[in-house]
Amino acid sequence: METELYMGSRIDSEVSPDTPEVVRDLEQRCRRHETPCGEGTLVWRSWGTGKPLVLLHGSHGSWLHWVRNIEAFEGSRQVIVPDLPGYGESAPPPDVDSLDSHAEALAAGLRLLLPAEDPVDIVGFSLGGLLGAHLAALAPGLVRRLVVIGSGGLDTPMPEVHLRIRPQRGLTGEELREARRHNLAAMMLHHLDNVDDLALWIDANTARPTSRAHYQVLPDKLLLVLPRTTTQVDALWGEHDGLHPGPELNAAVLRELHPGLELRTVPGVGHWCMYEGAADFNRHLRELLELPLRTVKTRV
């Protein structure tokens with residue numbers, strides 16, 4: 001495939017009438033980029049100028065996981081948000097089961113978007129944290145620091161999550177809406193009241209993945225890749241993360257490999273902490289990004 005990079009907005013014709021105003025605004029203001037990925041392209045959106053800040057979304061998600069965070073950083077950073085390979089609008093990588101194949105597509109795309117190859121700050125939510133670690137191992141010169149958010153793969157205890165019947169199985173109307181609400185509260189958000197219209201719209205309008213990367217996380221895949229990285233690693237966690245509970249427990253495991261790791265906890269929220277507790281999350285993330293870089297001493 002001939003390498004081609006598209007830059008510029010093609011958004012106006014793609015925004016549906018029911019798109020929430022915050023999503024419509026972000027879509028209309030973004031710069032849209034496409035880079036090669038498998039047999040198709042990897043879709044990126046970016047806002048602002050300055051030092052690049054790359055946000056990697058979580059499993060079964062898209063760039064919309066960051067809908068309440070982009071504006072907080074675009075005034076001082078170039079905020080770059082892909083749909084991960086095989087998620088959202090992006091094509092799957094050559095090997096849908098390989099985490100390194102996903103990371104290779106991200107690395108190739110970043111080299112096209114940022115040809116100076118200055119190292120960037122990577123913030124990865126859940127699966128995005130694992131892929132960020134693979135990116136740091138594969139292309140250490142591209143990654144300045146990595147902040148993992150509620151990431152699995154640390155071999156820590158996980159509770160049983162009780163989902164209502166899956167929304168695609170024949171439900172319609174209010175029954176479908178209530179199933180989605182229940183599932184979001186069970187997996188992503190701590191308070192049922194925080195499962196608002198925007199969260200429900202994002203859940204309903206996120207394409208099913210064509211990747212299998214989300215099956216490659218548990219139980220310990222993050223633990224296995226971190227020894228291959230020399231990037232500074234820090235962590236952000238929701239206080240009541242229902243999928244990977246215990247911010248201090250998970251941070252203690254991370255510190256076995258990265259002793260200098262800094263942890264920030266977002267109070268009163270669940271797994272999707274950057275949505276449910278956006279104001280506190282944005283403040284904590286800014287603090288972590290402003291920390292001086294440490295001399296990284298990993299334990300293998």
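Me: How do helices H3 and H4 lie to each other, roughly parallel or roughly perpendicular?
Reply: In this predicted model, local features need pLDDT of at least 70 and side-chain atom pairs count only at pLDDT 80 or more, while totals for chains, interfaces and linings use all residues. Residues are numbered from 1 along each chain as its sequence is written, and side-chain values use heavy atoms, with hydrogens and water left out. The axes of H3 (residues 99-113) and H4 (residues 127-138) come within 9 Å and cross at roughly 70°, on a scale from 0 to 180 degrees between N-to-C directions of lines fitted to C-alpha atoms over the stretch in contact. Because angles of 65 to 115 degrees count as roughly perpendicular, under 35 as roughly parallel, over 145 as roughly antiparallel and the rest as oblique, H3 and H4 are roughly perpendicular.

Me: Which residues of H4 make the contact with H3?
Reply: Contact here means heavy atoms within 4.5 Å, and the helices are DSSP runs (H or I, at least four residues; strands are E, at least two) numbered from the N terminus. From H3, the contact is made by Leu 99, Asp 100, His 102, Ala 103, Glu 104, Leu 106, Ala 107 and Leu 110. Across from them, the residues of H4 are Leu 130, Leu 131, His 134, Leu 135 and Leu 138.

Me: At roughly what angle do the axes of H5 and H6 cross?
Reply: Helix H5 (residues 173-187) brings Arg 177, Arg 180, Arg 181 and Leu 184 against Asp 197, Ala 199, Leu 200, Asp 203 and Ala 204 of H6 (residues 197-204). The two helices are roughly perpendicular to each other. Their axes come within 10 Å, and the crossing angle is roughly 100°.

Me: Which residue of H5 meets Asp 197 in a salt bridge?
Reply: A salt bridge is a side-chain nitrogen of Lys or Arg within 4 Å of a carboxyl oxygen of Asp or Glu, and for the pair that includes Asp 197 the N to O distance is 2.4 Å. Asp 197 lies in H6 and its partner in H5, so the pair ties together parts that are 20 residues apart in sequence. Asp 197 is exposed at 53% relative accessibility, where exposed means over 50% relative accessible area, buried under 20% and partly exposed in between (1.4 Å probe, protein chains only). The partner, partly exposed at 30%, is Arg 177.

Me: Is Arg 181, which bridges to Glu 178, buried or exposed?
Reply: The side chains of Arg 181 and Glu 178 meet in a salt bridge with an N to O distance of 3.5 Å. Being three residues apart in H5, the two are separated by about one helical turn. Glu 178 is partly exposed, with a relative accessible area of 30%, whereas Arg 181, at 18%, counts as buried.

Me: Which residue of strand S2 meets Glu 89 in a salt bridge?
Reply: Glu 89, partly exposed at 40% relative accessibility, lies in the loop between strand S5 (77-82) and H3. Its bridge (3.0 Å, N to O) reaches strand S2 (residues 31-37), so the pair ties together parts that are 57 residues apart in sequence. The partner in S2, buried at 5% relative accessibility, is Arg 32.

Me: Which residues does Glu 248 touch, not counting those up to four places away in sequence?
Reply: Glu 248 lies in helix H8 (residues 247-257) and is exposed, with a relative accessible area of 54%. Its C-alpha atom is separated by 38 Å from that of Thr 35, 213 residues apart along the chain. Beyond four places in sequence, the residues that Glu 248 touches are Arg 255 and Leu 263.
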